[in-house]
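The following questions and answers concern one structure, shown here.

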Amino acid sequence: MSRSGRRHVALAALPAALLALTCAAPAPGATAPGAGAGAPARPDVLGDVRHDARADVRADPHPGGPGARAVDPVAAARASLERLLPRHAAQFTLVADASAAADTFTVSGGAGAVTVRGRTGATLLTGVGWYLQHVAGADIGWPGDSIGMLPDVLPAVPSPVTRSALVPHRYALNDTDDGYSGPYRTFEEHRRQIDLLALHGVNEVFVQVGAEYAYHRALQGFGYSDEELRRWIPAPGHQSWWLLQNLSGFGGPVSDHLLRERAELGGRLAEQLRSLGMTPVLPGYFGTVPPEFAARNAGAVTVTQGDWAGFDRPDWLDPSSPVFGKLAAAYYSAQRAVFGDSTMYRMSPLHEGGRTGDVDVKAAAGAIQRALHAAHPGAVWAVLGWQDDPTAELLAGVDTSKLLILDGLSDRYNRLDRETRWGGVPYAMGSIYNFGGHTTIGANTSVWIDRFDAWRAKGDSALAGIAYLPEGTGTNPAAFDLFTDLAWEPGPIDQRRWFAQYAARRYGRPDAEATAAWEELRKGPYSTSSGLWSESQDSLFTARPSLSAAGAAHWSPKSMRYPADSVRRALDHLLKVAPALRGSSAYRFDLVDTARQALANHSRVLLPKIKAAYEAKDLARFRELTAQWADAERKLDAVIGSDPHFLLGDWLGKARSWGADEAERDRYEYDARSILSVWGLRGTSEGGFLHDYANREWSGLVSELYAGRWKLYFDSLEEALVRQAAPREIDWHAYEEEWARRTTRHPDRPSGDPYRLAAGIAAALPAAAPAPVSN
């Protein structure tokens, strides 16, 4: 039975009245305009169903806060450990130590008997992660691992080691992560992500899935019907930007059963985090409302927000108006019923523009925080540091001791002074080294290392954390490992030494060729500089066809940010890694990823040659070169098809699994396809330059969309050369929209030999120049 079929059976078994209360009733205490107050709704209907169905996940609704339920940190950590290290979990003794300092672990013990002590389940897992990295020499990455190389008996800890986090806030996940990393993931996939985040020392995690439930329930008490709201809420792939007040409705309407399932999933994730002593960071309410809100609610004042990349933004309810306080209370009450309470909430009013109208931003910010604290006393408001936000006006209106700025630009620009810019407000140093979920490798890691230490050492430092903020996760394991290490490694990290040690544990033991490969990657894509960019260039194979194409995504770098030969040499070294080390998922992923990147970089060499042949009207040379381009695309699709992390079929299959009938399955597949291609409306794709924003080299996506586009384009140019005429115009948006509307199936399991396919790419590419003197 399909996933959706199983869920349908479970939900269908619930009494109809219970489902009606759960997903259709007005928010507790809310009254529709012109109507009397209804009977009080049961405050935790869906929550009770959730708890009855999940006796294995018991959690504290407000970790560390007043009235918190007792949580057994060892039980939660043990369950995670058995998932992460099923063969070796029994060799760890986890000890909950209430007297231990916060964010501190101690690791000790002999062979086969390792003891980890800490206050929370997450800290215990961080201790296990430290042991694997520094003693056992194994890696559990995101993605790929080398745990199969661990000996039957784990090695002893030479002497007890205690580590404490250098900063209290270790935040993870961009507001866009759900859209770009997988809006249709299962609970098990999300739980794996939580396990990895805990293993790497993260303690605050954004939970977006199911956030629409609170809006859907609360707004029914303010003049909106269930159907109106389900049409206003976008499909899951685009909900990230609805929560940021950028758009509404796209890909909808969402179904009643989808609302219930996503709410249940989000609630389970929040509980999973609490059980480990981690903070589920929930979306707060700052005033987003559907059309006509002021007309339906006496005394309400709304401000139209104008355009965002071709979409009409939702209206903004003036937070200073009395109606805002009532709606915020209803929102938080509905949210609490399913997600419980937290100590941190994410809000970014006026994100990427928007209009203030006659609203006093200072007063509005104060009202937003007061509404938050009325529902969750003392909760921290996490706001994204991006473009001009947060503004001085917003900061002036709030208690900044209860604010945390997640700096998304820490490694992008030079001459940054966050204390001066934000007046000493606490902030977390963040990095967005990946936009749209691009598969390109690299990051400004030397900038991370230098700035984290320098900014902490400032006499007036307000640095209070790190914020792991790639727009799409699960594509760059080395960057994830290094960035999260910043918060736990005493003393400055030696970048060259770190990468050498990473190479050894990544494949389970030291290997000279692995070390050489990662040294090339360190000097190349992982040592890009700040000044303008935080991510590396994308591939021209994924670009909309043009002889002058310089990048796929409009907002990404238009040229190489490092010497391409560094990746080419790394590929040669990885192919020479000892055969005994080639069996791990870590090696397979890295080999495929490096071969993919080497081929992607070659696209920037090949396209100018094609352009020169066309402009010289050399038809034979043009045909020869475009045949090479097509062959490279075939090789690319084959090599990425050999690893499970590069499959379009998996992405589309998960989207379809959430539909209850064929029409709904097709609707969610369009949502999943469109975010990768046209992104949104024609005006969004063209005028907003969002087409191919989320380009990625995935098997199926390369062969069906990208290669198809380039073939159509090159055929039109060849025709023009033969006819000695101008090439015909192609409506690329129409082509891409037609692709997004398809329901063609693609493999959801890998095929082919990664090593053979990567070796074939290396043999086909020009040899790399000799390596320069090491630095």
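Q: Which strands make up the closed barrel, and what is the average twist from one strand to the next?
A: This is a predicted model, in which local features need pLDDT of at least 70, side-chain atom pairs count only at pLDDT 80 or more, and totals for chains, interfaces and linings use all residues. Residues are numbered from 1 along each chain as its sequence is written, and side-chain values use heavy atoms, leaving out hydrogens and water. The barrel has 8 strands with parallel pairing (at least two DSSP bridges between two strands), in the order β5-β6-β7-β13-β14-β15-β16-β17. From one strand to the next the twist averages 30°.

Q: Which residue of β17 stands opposite Y171?
A: Strands β5 (residues 169-172) and β17 (residues 463-468) run parallel and are joined by 4 bridges. Opposite Y171, in β17, stands A467.

Q: What angle does the direction of α17 make with that of β16?
A: Helix α17 (residues 445-457) packs on the sheet, where it touches (heavy atoms within 4.5 Å) β15 (403-407), β16 (427-431) and β17. Angles run from 0 to 180 degrees between N-to-C directions. The direction of α17 makes with that of β16 an angle of about 170°.

Q: Why are the buried residues of α4 on the same side, and what arc do they cover?
A: The buried residues (under 20% relative accessible area, 1.4 Å probe, protein chains only) of α4 are P73, A76, A77, S80, L81 and L84. They lie on the same side of α4 because they cover around the axis an arc of only 135°.

Terms used: Buried means under 20% relative accessible area, exposed over 50%, partly exposed in between (1.4 Å probe, protein chains only). The arc is that of the directions from the helix axis to the C-beta atoms.
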